[in-house]
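Subject: Structure for you to look at

Hello,

I am passing on the structure below, together with notes on what was found in it. Please open it alongside the text as you read.

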Amino acid sequence: MAVTLVLGGVRSGKSAFAESLLPAAARYVATAAAAVGVDHDFRARIDVHRARRPAGWSTVETADITTLLTTGPYPATLVDDLGGWLTATLDGAGAWDAPAAVLEPAVAALVAAIAAYPGDLVLVSPEVGFSLVPTTQAGRVFQDSLGGLNTAVAAVADRVELVVAGLPLPLKGSAASRADGAALTPAGAVLLTRDIDPDGPDATVAGVAAVPVPEPIAPPAPITPPEPVALPEPEAGTEPLRFAPVDAPDPEVAAQARARQLELTKPAGSLGRLEELGIWASACQGVCPPKLFERMRIVVFAGDHGVTAGGVSAYPPEVTAQMVANFSADGAAVNVLARQAGATVRVEDIAVLSDTSPEISRHKVRRSSGNLAVEDALSDAETIAAIAVGRAIADDEIDSGADLLVAGDMGIGNTTPAAVLIGTITDNEPAVVIGRGTGIDDNGWMRKVAAVRDGMWRARPSARDPKSLLRKAGGADLAAMAGFLAQAALRRTPVVLDGVVVTAAALVAAELAPGAQAWWVAGHRSAEPAHTLALAHLGLEPLLEFGMRLGEGSGAATALPLVQSSVAILGQMATFGEAGVSEG
């Protein structure tokens with residue numbers, strides 16, 4: 001007795017493959033036939049499926065597969081497919097706008113029935129990552145719900161197969177075989193010959209030799225965090241989640257700066273965005289003309305992420321700690337760029353998996369955040385502690401004289417939680433927000449899509465609850481960055497934002513402290529697609545667009561000379577009157 005889950009995209013051959021797994025006498029359960037209506041094309045597809053079934057098979061057309069599987073008899077059974085069951089369940093309850101109350105008990109009951117089925121059971125389901133889903137509310141509900149359903153069924157299945165172009169790829173359990181016991185494909189090869197029965201199940205392209213397939217690359221081993229660390233204590237009398245109203249940069253000074261731009265020896269607007277940047281800097285400083293920034297500080301927030309266990313990054317997690325050491329030794333790209341810009345770098349271990357030096361780890365919240373695809377990234381207490389840590393770091397820097405701040409990031413796999421946060425807050429789909437991160441290949445990209453999809457499924461109910469969102473799908477480093485950015489705005493200190501990870505934290509910071517984005521300028525536009533979505537949501541236009549995707553604060557550091565130049569122009573350039581130049 002075995003349970004097999006067969007996944008595949010539209011027209012992938014998943015149903016035909018599933019049929020080949022059962023004996024000549026079996027029961028076929030069709031979940032979608034009753035809902036076809038006047039869709040003649042879909043009706044034709046069902047007719048093809050019916051004609052293909054062996055004469056000894058019986059057919060049941062119902063969406064109530066839980067009852068069918070629990071009441072007996074218990075013959076070898078094929079259910080085709082779970083997507084039809086999901087649609088019928090939501091349609092029957094009218095639950096497309098609020099699916100959780102209906103689906104949670106229904107999925108639990110179905111999965112229990114599948115696990116307890118005493119006979120052989122094969123279930124077909126669409127793999128949503130390989131199918132086109134309408135970009136509508138119903139489409140998102142279907143995609144998220146089916147992803148969760150597939151995950152739950154796969155957990156109790158003895159075997160899981162993914163069918164692509166008619167070829168099965170074993171994901172769990174033993175290699176696939178037909179009902180007669182014959183292997184579907186030679187080990188390590190894809191059949192590409194037609195020297196067998198042209199109508200048989202192994203028929204392929206004529207005259208082409210079998211092509212060997214290399215062994216798949218195994219994803220990294222799961223991260224097993226060491227013993228927990230003691231949470232940093234917030235300062236007495238502070239409330240980490242409470243932010244006073246954030247006032248905008250001084251509008252009167254902005255008006256003075258705008259008027260001064262018209263008096264400088266140049267045609268109005270001829271320096272483009274440098275003029276607007278100088279006006280913003282002047283308003284942030286509260287004085288016109290502004291002065292050059294004297295203590296620009298870049299704080300790199302470092303942390304590992306349990307989601308790397310799913311193979312979403314091109315680098316192993318130990319690289320995070322190695323790069324933290326590189327920052328401390330002044331050897332990373334951001335160190336070099338900071339020196340060129342006249343800034344200095346501070347690195348903080350917020351959630352690095354391994355131990356780092358005491359001066360770097362004094363604000364450590366935990367060792368690696370949890371795997372957001374299957375569990376919360378943080379506990380509630382850790383989330384609050386991380387936000388408090390970020391606020392404390394901002395206060396420390398500002399109290400020590402910092403007059404312009406940059407948040408940088410370092411963490412293998414951190415673009416995955418960034419994509420989840422951005423996709424959730426901006427209401428976009430997983431495939432739209434995912435880039436190549438540290439340079440993942442196509443297989444890594446697909447694993448990342450699946451992780452982001454599952455993370456967003458868990459995160460979407462918390463889209464407007466910043467603490468809950470960070471707890472479910474952020475991480476300690478992102479939570480600390482959010483606290484840092486919000487506190488900087490509260491303390492009237494300008495910030496140059498870096499790339500996709502920092503801007504994901506900025507989206508949450510803007511929810512924690514509404515109005516904070518007035519104190520931020522976007523240093524650059526990352527090559528990661530989610531960054532453009534996040535910047536648009538914040539209403540920020542980047543200063544640079546160099547295709548950078550390193551993180552660390554490197555893009556913001558590259559933009560710092562532009563910020564200083566805009567201040568120098570507004571503060572040091574002669575006016576028409578001073579220079580004796582006639583105005584146009």
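Does Gly83 count as buried or exposed? Gly83 counts as buried, because its relative accessibility is 6%, under the 20% cut-off for that class. Please keep in mind that this is a predicted model.

Gly83 is found in helix α4, which covers residues 82-93. Leaving aside neighbours within four places in sequence, its contacts are Ser125, Pro126, Phe142 and Leu146. Ser125 is 42 residues away from Gly83 in sequence, yet the two C-alpha atoms are 5.9 Å apart.

Overall picture

The protein has 584 residues, of which 54% count as buried. There are 20 helices and 14 strands. Among contacts with a separation of 6 or more, 74% are between residues 24 or more positions apart. The protein exposes about 24500 Å², and carbon and sulfur atoms supply 57% of that area.

The five-stranded sheet

Which strands form the open sheet, and in what order? Five strands take part, in the order β11-β10-β12-β13-β14, and the pairing is parallel. At the edges are β11 (344-351) and β14 (520-522), each of which pairs on one side only. From one strand to the next, the twist averages 25 degrees. As background, strands of a sheet pair through backbone hydrogen bonds, in either a parallel or an antiparallel way.

Strand β10 pairs with β11 in the parallel sense over seven bridges. In that pairing, Gly303 stands opposite Ala351 of β11. Seven bridges also join β10 to β12, again running parallel, and Phe301 stands opposite Asp409 in β12. Strand β12 (residues 404-410) is in turn joined to β13 (residues 495-497) by two bridges, with the strands running parallel. Here Leu405 stands opposite Val495 of β13.

How many of the residues of β10 are buried? Eight of its eight residues are. Met296, Ile298, Val300 and Ala302 point one way from the strand, while Arg297, Val299, Phe301 and Gly303 point the other way. In a regular strand, side chains alternate between the two faces of the sheet.

Two helices lie across strands of this sheet. Helix α11 (residues 380-399) lies across β10 (296-303), β11 and β12, and runs at about 160 degrees to β11. Helix α17 (residues 500-512) lies across β12, β13 and β14, and runs at about 120 degrees to β12.

Glu552

Which residue does UniProt list under "active site"? The record, an unreviewed entry, gives Glu552. Glu552 lies in the loop between α18 (529-538) and α19 (554-572). Glu552 counts as buried because its relative accessibility is 5%.

Apart from neighbours within four places in sequence, Glu552 is in contact with Ile298, Val300, Met323, Phe327, Ala332, Ala333, Val334, Gly408, Asp409 and Asp498. Two of these tie back to the sheet: Ile298 and Val300 are among the residues that point one way from β10. Another, Asp409, is the β12 residue that stands opposite Phe301. The side chain of Glu552 also reaches the backbone nitrogen of Val334, at 3.2 Å.

Lys364

Lys364 has its place in the loop between β11 and α11. Is this lysine buried or exposed? Lys364 counts as buried because its relative accessibility is 7%.

What does the side chain of Lys364 reach at 2.7 Å? The partner is the backbone oxygen of Val352. The backbone oxygen of Ser354 lies 3.1 Å from a polar atom of the Lys364 side chain. Not counting residues up to four places away in sequence, Lys364 touches Val229, Ala230, Pro232, Asp349, Ile350, Val352 and Ser354.

Ser145

The last residue in these notes is Ser145, which lies in helix α6 (residues 137-156). Ser145 counts as buried because its relative accessibility is 10%. Beyond neighbours within four places in sequence, Ser145 is in contact with Leu86, Leu103 and Trp457.

Regards

Conventions:
Residues are numbered from 1 along each chain as its sequence is written. This is a predicted model: local features need pLDDT of at least 70, side-chain atom pairs count only at pLDDT 80 or more; totals for chains, interfaces and linings use all residues. Side-chain values use heavy atoms; hydrogens and water are left out. Helices (H or I, at least four residues) and strands (E, at least two) are DSSP runs, numbered from the N terminus. Buried means under 20% relative accessible area, exposed over 50%, partly exposed in between (1.4 Å probe, protein chains only). Contact means heavy atoms within 4.5 Å. Accessible areas come from the Shrake-Rupley method with a 1.4 Å probe; for residues, only the protein chains shown count as cover. UniProt positions are given in the numbering used here, feature names are shortened, and annotations may be inferred rather than shown by experiment. A polar contact is a pair of N or O atoms within 3.5 Å; within protein, one must be able to donate a hydrogen and the other to accept it, and residues adjacent in sequence count only if both atoms are side-chain atoms. Two strands pair if DSSP finds at least two bridges between them. Axes are lines fitted to C-alpha atoms, for helices over the stretch in contact, and angles run from 0 to 180 degrees between N-to-C directions.
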